[in-house]
Amino acid sequence: MNKYTKPLNTTSLVNTYKAARKRLFLFDYDGTLTPIVNNPADAQPTSALLHCLQLLCKDPANTTWVISGRDQLFLDTYLGSKIPRLGLSAEHGSFMKKADIYDWTDMLKDADMSWKEKALAIFEKYTQSNPGTVIEQKKSSITWHYRNASDIQKTTQQSQLCFDELKSIVGVDILIGKMNVEARSTLVNKGEVVKRIKENEDYDFIFCAGDDQTDEDMFKALEGDRQAFCVSVGPLTKKTKAKYSVESSEDIVGTLGQLVSFSKNSAL
């Protein structure tokens, strides 16, 4: 990973956007389009965010995707139902739905998911010994959240032990995120989603934004692509494959506001 990033140069970004004829936008959701919050259910899109996404999607030169760890119901409820031309990827690529398509495609329909039983047993052990922690189960992953643990210091130490135990399971990637530990199938990740979206397409502008470890797969998939602005949300000192950074999700929404002012149909 890069040792440091550069602050995003919005002037260069806007100029490249205006000159491009075929653009691709790839966004993580939590921590990127919305701030990280203690209760995930509270991370609903703001009116400003929805307005920007609607204008991006109305421009025929733009293809826009949200690639999230969230499940289908959340993404449909808060994004898909409001913005039909928005592409959605749920659970890190387990499910995908193209713009203007009603049905989701199950990318793991025939996959072996027997590893989940072993991972769940390990997570349950650490949940029982660490009050305030919770387990979140999805199609391709299981995540242990300890943001609200009663003893954060102890639980943070326990998270490393949990991580070490999970590494013995075959067929999974283990990630330490922001106050969580995640076990996910090796068959899906956000980088594979990006590759599928880009397949047989020729974009002359790509904007990709994310804030955590799962988003590094997107940045990796775009390495070497001269058309790509890969943007990490967080401090300049964070280790990331992204070339650029902004401090917060509010900065991402503000940047989108600048871009859509130059889009076709921006006045609609």
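Colleague: Which residue lies over the face of Y17, and at what distance from the ring centre?

Modeller: Keep in mind that this is a predicted model. The face of Y17 is covered by R23. The distance from R23 to the ring centre is 3.8 Å.

Colleague: Is Y17 buried or exposed?

Modeller: The cut-off for buried is under 20% relative accessible area. Y17 has 0% relative accessibility, so Y17 counts as buried.

Colleague: How many aromatic pairs does the structure hold, and what geometry do Y17 and F205 have?

Modeller: The structure holds 12 aromatic pairs. In the pair of Y17 and F205, the ring centres are 5.5 Å apart. Their planes stand at 80 degrees, so this pair is edge-to-face.

Colleague: How many residues apart in sequence are the parts that this pair ties together?

Modeller: Y17 belongs to helix α1 (residues 10–19). F205 belongs to strand β11. The pair therefore ties together parts whose separation in sequence is 188 residues.

Colleague: What geometry does the pair of F74 and Y78 have?

Modeller: The centres of F74 and Y78 are 4.7 Å apart. The angle between the planes is 50 degrees. Edge-to-face needs over 60 and stacked under 30, so the F74 and Y78 pair is tilted.

Colleague: Which of the classes buried, partly exposed or exposed fits F74, and which fits Y78?

Modeller: F74 has a relative accessible area of 9%, so F74 is buried. For Y78 the value is 23%. That makes Y78 partly exposed.

Colleague: Which residue has its charged end over the ring of F74?

Modeller: The ring of F74 sits in helix α3 (residues 72–80). A charged end lies 3.9 Å from the ring centre of F74. That end belongs to R70.

Colleague: Why is strand β12 largely enclosed by the rest of the structure?

Modeller: Take both faces of β12 (residues 228–233). A228, C230 and S232 point one way, and F229, V231 and V233 the other way. All are buried. Strand β12 is largely enclosed because the buried count is 6 of the 6 residues.

Colleague: How many bridges join β11 to β12, and what is the handedness of the crossover?

Modeller: Strands β11 (residues 205–210) and β12 run parallel, joined by 5 bridges. The chain passes from β11 through helix α7 (residues 216–221) to β12. This β-α-β crossover is right-handed.

Colleague: What is the bridge partner of S232 in β13?

Modeller: β12 and strand β13 (residues 244–246) run parallel, with 3 bridges. The partner of S232 in β13 is S245.

Technical notes. Residues are numbered from 1 along each chain as its sequence is written. This is a predicted model: local features need pLDDT of at least 70, side-chain atom pairs count only at pLDDT 80 or more; totals for chains, interfaces and linings use all residues. Side-chain values use heavy atoms; hydrogens and water are left out. Buried means under 20% relative accessible area, exposed over 50%, partly exposed in between (1.4 Å probe, protein chains only). Helices (H or I, at least four residues) and strands (E, at least two) are DSSP runs, numbered from the N terminus. Two strands pair if DSSP finds at least two bridges between them. A crossover is right-handed if, with the strands pointing away from the viewer, the path from the first strand over the helix to the second runs clockwise. Rings of Phe, Tyr and Trp (its six-membered ring) pair if their centres lie within 6.5 Å; planes under 30 degrees apart count as stacked, over 60 as edge-to-face and the rest as tilted. A charge sits over a ring if NZ of Lys or CZ of Arg is within 6 Å of the ring centre and within 35 degrees of the ring normal.
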